[in-house]
Amino acid sequence: MTSLEIRDLGVVFSGKEILSGLNLNVSSGSYAAILGPSGCGKTTLLRSIAGLITPASGTIRFGKQLVSVSSLVLPPHKRNIGYVPQEGGLFPHLTVGDNVGFALSRDLDKEEKSSIVDEMLKLVGLEGFNSRRPHQLSGGQQTRVALARALAMKPAMVLLDEPFAALDQTLRTEISEEVVALLKATKTTTIMVTHDREDALVSADLIALMRSGQVVQSGAPTQVYSAPISAEVAQSTGDIVTLPAYMSADQRIYSPLHSSSSNFDPNGELLIRPEEIHISAVSQPAGKNQVKAAISKINYYGHDALIELKLEGWELPLRARVTGNIDFRLGQAVYAELQGPLRWVPRKATHQ
Ligand code: ATP
């Protein structure tokens, strides 16, 4: 295992900056998820770490070793990295055993190689699958073979590019839990690229949120979820509601779910997660910040529902998340109350 430190990384393709001024620190043995929208540069970052791309600027260090700086780029096979590209990248004409043993050192004899292959297949729960070919495996099994191949060289770091994207929801949860447990048990430093926020929140010790070629925020899952730096970034990790806020002549703040005389940011708006808005059919005795509202839409998901509300005196609709017994109906009059922190973020041009 090794730590990863990236400073001011820049990558240019055909004169266009794909990554610029990108910084990232991942400590040794931890599991990091790179989360961001399509095209923001996640795969480019992963390929730069693997040594498959020559950056235009910046440095990449594995522990104390400088592996990428303008004058020197250590080739991929000297980086001690296991890389699992999108769709696994198995060789279709080779057996599972030969795929797993493909990158093992030529200095090893046949028995040594086959013992490592067996050990790796056992590790990923595919003991005895040696002679099958990739087309005889399910998508989840192919992912595990690709992982076994990456782990066979006992790499210091594993890079996973959307490893679970091709799997259906049930298989995805199952396989991703197995793979994450395996990588954490072997204390392998892991960088996983994903655009699936749940994958990132569930598995990672560290989430790095990317936008337009840069890491704009990084931290533990609870930190990036509860203290986002902007509404845009907050949307990467979950649903949001943004509320305008005004200060009146009497120096009080007025916002759809809040009025107070402290903590006003004139350039900001309030950012709320839908689960922080509590609604009830009857007025609560202690609820002095309750606002009357009418239910204008219900999106029912089984375990919870997103309920759209029109608040009395305000134009904009907002969404509350309701769990448990969801017995609200369309058009019903309810009371809404903010039960979360006052989170100010820079004002966006438009609202939800
Ligand atoms: P996705 O989630 O869709 O896989 P991503 O965040 O991984 O996207 P990248 O694959 O890193 O994004 O691509 C970032 C940008 O760089 C895109 O605009 C893409 O078109 C461009 N790009 C990637 N590879 C090349 C290349 N070899 N030559 C030119 N442009 C490229």
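**Close-up 1. Strands β19 and β20 lie side by side in this predicted model.** Strand β19 covers residues 304–311, and seven bridges pair it with β20 in the antiparallel sense. To find one of these bridges, start at A305, whose bridge partner in β20 is V322. If strand pairing is new to you, here is the basic idea: strands of a sheet pair through backbone hydrogen bonds, either parallel or antiparallel.

**Close-up 2. Five strands make up an open sheet.** Reading across, the order is β17-β21-β18-β19-β20, and the pairing is antiparallel. Which strands stand at the edges? They are β17 (277–280) and β20 (317–323). Each of these two has a single partner strand, so one side of each is left without a neighbour in the sheet. Going from one strand to the next, the twist averages 45 degrees.

**Close-up 3. Another open sheet has three strands.** Here the order is β12-β16-β22, again with antiparallel pairing. The edge strands, β12 (241–243) and β22 (344–346), each pair on one side only. From one strand to the next, the twist averages 45 degrees. How many bridges join β12 to β16? There are three, and β16 spans residues 268–272. A handy pair to look for is L243, which stands opposite L270 in β16.

**Close-up 4. Strand β1 pairs with both β4 and β2.** Let us take β4 to begin with. Strand β1 (residues 4–13) runs antiparallel to strand β4 (residues 57–62), and five bridges join them. Within this pairing, I6 stands opposite I60 in β4. Now look at strand β2 (residues 16–26), which pairs with β1 in the antiparallel sense over seven bridges. One spot to find is F13, whose bridge partner in β2 is K16. The hairpin of β1 and β2 has two residues between the strands, and S14 takes a positive phi near 45 degrees there.

**Close-up 5. Helices α4 and α5 pack against each other.** A quick tip for reading the next two views: two packed helices are described by the angle between their axes and the distance between the axes. Helix α4 spans residues 139–152 and helix α5 spans residues 169–185. Their axes come within 10 Å and cross at roughly 15 degrees. Angles under 35 degrees count as roughly parallel, and α4 and α5 are therefore roughly parallel to each other. Their crossing is right-handed. On the α4 side, the contact is made by G140, R144, L147 and L151. On the α5 side, look for L171, I175, E178, V179, L182 and L183. Sorted by class, the contact of α4 with α5 has seven nonpolar, one polar and two charged residues.

**Close-up 6. Helix α4 also packs with α3.** How do α3 and α4 lie, parallel or oblique to each other? The two pack at an angle of about 130 degrees, with their axes 9 Å apart. They are therefore oblique to each other. The crossing in which α3 passes α4 is right-handed. In this view, I116, M120 and L123 of α3 meet A148, L151 and A152 of α4. By class, the contact of α3 with α4 has six nonpolar residues, with no polar and no charged ones. You may recognise L151 of α4, because it was named in the α4 and α5 contact too.

**Close-up 7. One aromatic pair is found in the structure.** The partners are F91 and F102, whose ring centres are 4.6 Å apart. Their planes stand at 50 degrees, so the pair is tilted. Where along the chain do F91 and F102 sit? F91 is in the loop between β7 (81–84) and α2 (96–101), while F102 is in the loop between α2 and α3 (110–123). The two residues are 11 residues apart, and the pair links distant parts of the chain.

Notes
Residues are numbered from 1 along each chain as its sequence is written. This is a predicted model: local features need pLDDT of at least 70, side-chain atom pairs count only at pLDDT 80 or more; totals for chains, interfaces and linings use all residues. Side-chain values use heavy atoms; hydrogens and water are left out. Two strands pair if DSSP finds at least two bridges between them. Helices (H or I, at least four residues) and strands (E, at least two) are DSSP runs, numbered from the N terminus. Axes are lines fitted to C-alpha atoms, for helices over the stretch in contact, and angles run from 0 to 180 degrees between N-to-C directions. Angles under 35 degrees count as roughly parallel, over 145 as roughly antiparallel, 65 to 115 as roughly perpendicular and the rest as oblique. A crossing is left-handed if the near helix is turned anticlockwise from the far one by less than a right angle, and right-handed if clockwise. Contact means heavy atoms within 4.5 Å. Ala, Val, Leu, Ile, Met, Phe, Trp, Tyr, Cys and Pro count as nonpolar, Asp, Glu, Lys and Arg as charged, and the others, Gly among them, as polar. Rings of Phe, Tyr and Trp (its six-membered ring) pair if their centres lie within 6.5 Å; planes under 30 degrees apart count as stacked, over 60 as edge-to-face and the rest as tilted.
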